Amino acid sequence: MGKPLRSVHLARFNSMKYAILVYETEQDFAHRDQHMPAYNAYSQALSEAGILTGGAALHPGPMASTVRLKDGQRQVQDGPYADTKEQLGGFFLIDVPDLDNALDWAARCPAAGLCAVEVRPLWSMDEN
Amino acid sequence: MDACRAAELAARNSYGRLVAYLAVRSRDIAAAEDALGDAFLKALKTWPDKGIPDNPEAWLLVTARRRLIDVARRSQTHAKLLNTLNLSGVEISDAPGEISFPDERLKLLFICAHPAINVTIRTPLMLQTVMGLNAAQIGSAFLVAPTTMGQRLVRAKAKIRDAGIPFRLPNLQALPDRLDAVLEAIYAAYTTGWDAVIGGDPRHKGLADEAIWLARLCVQLMPEAAEARGLLALMLYCSSRRAARRTATGDYVPLSEQDTSLWSQSLVQQAERELYQASTFGNLGRFQLEAAIQSVHAQRAVTQRTDWETLAQLYTGLIQVSPTIGARVGHGVAIAQTQGISQSLALLDAIPTKFSQNYQPYWALRAHLLTQLGDHAAAQQAYAQAIGLTEDLAIRNFLMDKANEGSLEI
């Protein structure tokens, strides 16, 4: 047998951007003040880890307006696009090496224990 | 050896290893498969003229990697990937005759079992990427149309690439969760290779051995995983009977009529050791029970008889853990021996038609039992169903003989 190949770690792959999408129930939205300290701590931990690149908390679904153009006419509908019990309540943008890292951070998000958290890779501009 | 056969042999023996190596480095399973497919085509074109390279595997690897580099260069996005592939390329082309490359198949299996991949596609994905089965074969094993299966496989591979699933073995806590799907794929590959002992696609003859090798890797990786050892034991028991499954002229020999002196006692002993080790972890599961069933059959080489009472009990346990149609039919065989034909038929009748109607062993057993009862008309119908569902020529001939005799030994 000859010499084994050197194993090479790939720098390109050590950076993946993900959105951690926070879903909340109506109750979660109503009791946000209670959850705020946990979210502040979470957000701080993301910052300390040096992986937080953005994010925002959103007002609840009834505050949303949904817009469509039908035959050039603007149609505005009161409420969110999808009328589901759980609504998008906010998001964090993170930059981590891979999905497992992103899932570890998602599991720490308070919403993971309250409702659900969705992890999605950001579409990169140089993907075709 | 002619060039086409050399290429075919390399494809059969090294497909999974080559795909795994290329996929782990390019982090793109589909691209790795495409590149390797191109390399095989190129081999078929150039080897007949230029001769078979000293190390066909290394040749295929270098050619496929070059292809991956070309693709990456064209898309202009993977600058760092290019560096990586070039780096390892220097080492390969230095001495292509001596190259050894690490076996990444186990890593790729566990990547396919990542929780972010839909649970129903994990095993098919492993069968395609690591074992080299095509979508049609996998579709038929999983009762899904080939095109549907193909689309699901493409989507799963895209998800692994685009969602950033890491190309490494999971950590120790995550390993056990993924092991079940890995073991299931290894076993499915084994049975596919097993069925192909005679006739069928020659590429699959090596699958049974590859499956045993992969199970050994799993045992090395997780020495305390009882089910990994159980699966290894199960496959070793089955393989111990390889020489006894067919006559010299290729006729099918049912287990009960096999010449036990043809069974490999060294494989049986290996199997016994693995099964014993597995039992020490106190974590009984499907594969250990199936191995225990085969262990009872293996005893016949020593005792000259089959302990059907124990088999009936083991099948009862197996059905509780894993109520598959195969386990229920096996239970039926044991019950026919211990409690009689009508009890066995009653068990078969209790199996819902949707599970039984396309399951060949069910109809073979049913035909056998009905013949013994003297219900020849119903037996003939069951034989026809069994024969119609058989892919293996030798088994088909066996069943046709039995149908003609009006009697069948299971």
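Biologist: Does Phe92(A) count as buried or exposed, and at what relative accessibility?

Modeller: The model is predicted, and the value is computed from its atoms. Buried means under 20% relative accessible area. Phe92(A) falls under that limit and counts as buried, its relative accessibility being 11%.

Biologist: Which ring pairs with that of Phe92(A), and at what angle between the planes?

Modeller: The partner is Tyr42(A), which is itself buried at 4% relative accessibility. Tyr42(A) belongs to helix 2 and Phe92(A) to strand 5 of chain A, 50 residues apart, so the pair links distant parts of the chain. The ring centres of Tyr42(A) and Phe92(A) are 5.1 Å apart, and the pair is edge-to-face because the planes meet at 90°.

Biologist: What is the centre-to-centre distance in the aromatic pair of Tyr252(B) and Phe398(B)?

Modeller: Tyr252(B) sits in the loop between helix 11 and helix 12 of chain B, whereas Phe398(B) is in helix 21. Tyr252(B) is partly exposed at 24% relative accessibility, while Phe398(B) is buried at 13%. Their planes stand at 75° in an edge-to-face pair, with a centre-to-centre distance of 4.9 Å.

Biologist: Where does the largest nonpolar core lie with respect to domain 1 and domain 2 of chain B?

Modeller: This core has 118 residues, and Ile94(A), Leu109(B) and Met131(B) are among those with the most contacts inside it. Its largest share, 13 residues, comes from helix 1 of chain B. Because domain 1 (3-102) and domain 2 (327-410) of chain B both give residues to the core, its place is between them.

Biologist: Is Asp71(A), with its positive phi, buried or exposed?

Modeller: Asp71(A) is not a glycine, yet its phi is about 55°. The residue lies in the loop between strand 3 and strand 4 of chain A. Exposed means over 50% relative accessible area. Asp71(A) passes that limit at 79%, and is therefore exposed.

Biologist: Which arginine lies over the face of Trp105(A)?

Modeller: Trp105(A) is one of the residues in contact with Ile94(A), leaving aside neighbours within four places in sequence. The arginine is placed over the ring face at 4.3 Å from the ring centre, and is Arg108(A).

Biologist: Over which residues of chain A is the pLDDT below 50?

Modeller: Chain A averages a pLDDT of 87, and 87% of its residues score at least 70. One stretch has a pLDDT below 50, although it has 30 contacts in the model beyond near neighbours in sequence. Where pLDDT is low, the predicted coordinates should not be read in detail. In chain A this stretch is residues 1-12.

Terms used:
Residues are numbered from 1 along each chain as its sequence is written. Chains are lettered from A and ligands numbered from 1 in the order in which they are written. This is a predicted model: local features need pLDDT of at least 70, side-chain atom pairs count only at pLDDT 80 or more; totals for chains, interfaces and linings use all residues. Side-chain values use heavy atoms; hydrogens and water are left out. pLDDT is the predictor's confidence in each residue, from 0 to 100. Contact means heavy atoms within 4.5 Å. A nonpolar core is a set of buried Ala, Val, Leu, Ile, Met, Phe, Trp, Tyr and Cys residues joined through side-chain atoms within 4.5 Å. Buried means under 20% relative accessible area, exposed over 50%, partly exposed in between (1.4 Å probe, protein chains only). Helices (H or I, at least four residues) and strands (E, at least two) are DSSP runs, numbered from the N terminus. Domain bounds come from an automatic or database domain assignment. Rings of Phe, Tyr and Trp (its six-membered ring) pair if their centres lie within 6.5 Å; planes under 30 degrees apart count as stacked, over 60 as edge-to-face and the rest as tilted. A charge sits over a ring if NZ of Lys or CZ of Arg is within 6 Å of the ring centre and within 35 degrees of the ring normal.
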